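Colleague: Please take me through one part of this model at close range. Then work outward from there, with cut-offs as you go.

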Amino acid sequence: MVVHNIEPLYSADSKILILGSFPSVKSREEGFFYAHPQNRFWKVIAAIFGEEPPHTVDEKKSLILNRKLAVYDVIYSCEITGSSDSSVKNVCPSNLKPIIENSKITKIFVNGRTAEKYYKKYALKEVGQDCIVLPSTSPANAAYSLERLISEWRVIKDELNSCSKNSAGE
């Protein structure tokens with residue numbers, strides 16, 4: 001059994017939660033999300049906000065928190081071979097309630113179909129909010145170019161802009 005070793009990244013101001021499935025071997029080694037150099041998550045998030053991709057953990061944290069985002073994973077522990085989502089067995093889901101209860105999360109996006117599958121199986125009932133699935137930023141998702149990922153993930157920025165307009169009008 002492998003246990004998630006990365007704390008959820010969010011603040012009281014976070015409005016959008018992005019959930020992956022479970023950290024890769026590289027992410028678990030480095031103790032931070034999307035650490036594998038071939039994963040396009042950080043390039044995509046930076047691009048949708050017109051920023052340079054972050055390199056250090058502090059830069060990555062700043063990018064997420066400054067944009068009122070939150071990042072975590074649906075699975076807290078599981079049996080897994082390497083980093084292969086398809087090998088996941090005996091899942092223990094993450095407790096997402098503290099993130100939801102201690103932030104301003106209005107939308108939940110999942111990074112890929114595996115995260116969606118486990119979110120719907122374990123978290124949907126607990127959280128009471130459906131998720132929006134985005135194409136995986138994993139290098140295993142070779143069907144999506146970086147440009148296509150950026151185009152699909154831009155919905156996050158659009159959603160944040162919508163949140164800002166709604167709260168300004170209140």
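**A covered strand and its surroundings**

Modeller: Start with strand E3, which is covered on both faces. Leu69, Val71 and Asp73 are buried on one side, and Ala70 and Tyr72 are buried on the other. Buried means under 20% relative accessible area; exposed is over 50%, and partly exposed lies in between (1.4 Å probe, protein chains only). E3 spans residues 69–73, and 5 of the 5 are buried, so the rest of the structure largely encloses this strand.

Some ground rules. The model is predicted: local features need pLDDT of at least 70, side-chain atom pairs count only at pLDDT 80 or more, and totals for chains, interfaces and linings use all residues. Residues are numbered from 1 along each chain as its sequence is written, and side-chain values use heavy atoms, with hydrogens and water left out. Helices (H or I, at least four residues) and strands (E, at least two) are DSSP runs, numbered from the N terminus.

Now the neighbour of E3. Strand E2 (residues 16–20) runs parallel to E3, and 5 bridges join them. Strands pair if DSSP finds at least two bridges between them. Leu19 has Tyr72 in E3 as its bridge partner.

Tyr72 leads on to the rings. It belongs to one aromatic cluster with Phe32, Phe33, Tyr34, Phe41, Trp42 and Trp153. The structure holds 7 aromatic pairs. Rings of Phe, Tyr and Trp (its six-membered ring) pair if their centres lie within 6.5 Å; planes under 30 degrees apart count as stacked, over 60 as edge-to-face and the rest as tilted. Phe32 and Trp42 are stacked, at 6.0 Å centre to centre and 15 degrees between the planes. Phe32 sits in the loop between helix H1 (25–30) and helix H2 (41–48), while Trp42 sits in H2, so this pair ties together parts 10 residues apart in sequence. Both Phe32 and Trp42 are buried.

Outside that cluster, Tyr118 and Tyr122 have ring centres 6.2 Å apart and planes at 10 degrees, so they are stacked too. They lie 4 residues apart in helix H5 (residues 113–127), which means about one helical turn separates them. Tyr118 is buried, at 7% relative accessible area. Tyr122 is partly exposed, at 28%.

Back to H2. This helix is mostly covered, with 6 of its 8 residues buried. They are Phe41, Trp42, Val44, Ile45, Ala46 and Ile48. Gly50 follows H2 and has a positive phi, near 70 degrees.

Next, a charge inside. Glu159 belongs to helix H7 (residues 155–168). This side chain is buried yet has no salt bridge, and the nearest side chain of opposite charge, Lys107, is 4.0 Å away. A salt bridge needs a side-chain nitrogen of Lys or Arg within 4 Å of a carboxyl oxygen of Asp or Glu. Lys and Arg count as positive, Asp and Glu as negative; His and the chain ends are not counted. Leaving out residues up to four places away in sequence, Glu159 touches Ile16, Lys107 and Phe109. Contact means heavy atoms within 4.5 Å.

Last, the antiparallel strands. An open sheet of 3 strands has the order E1-E4-E5. Its edge strands, E1 (2–3) and E5 (89–93), each pair on one side only. Strand E4 (residues 75–79) is joined to E5 by 3 bridges, and the two run antiparallel. Ser77 has Cys92 in E5 as its bridge partner.
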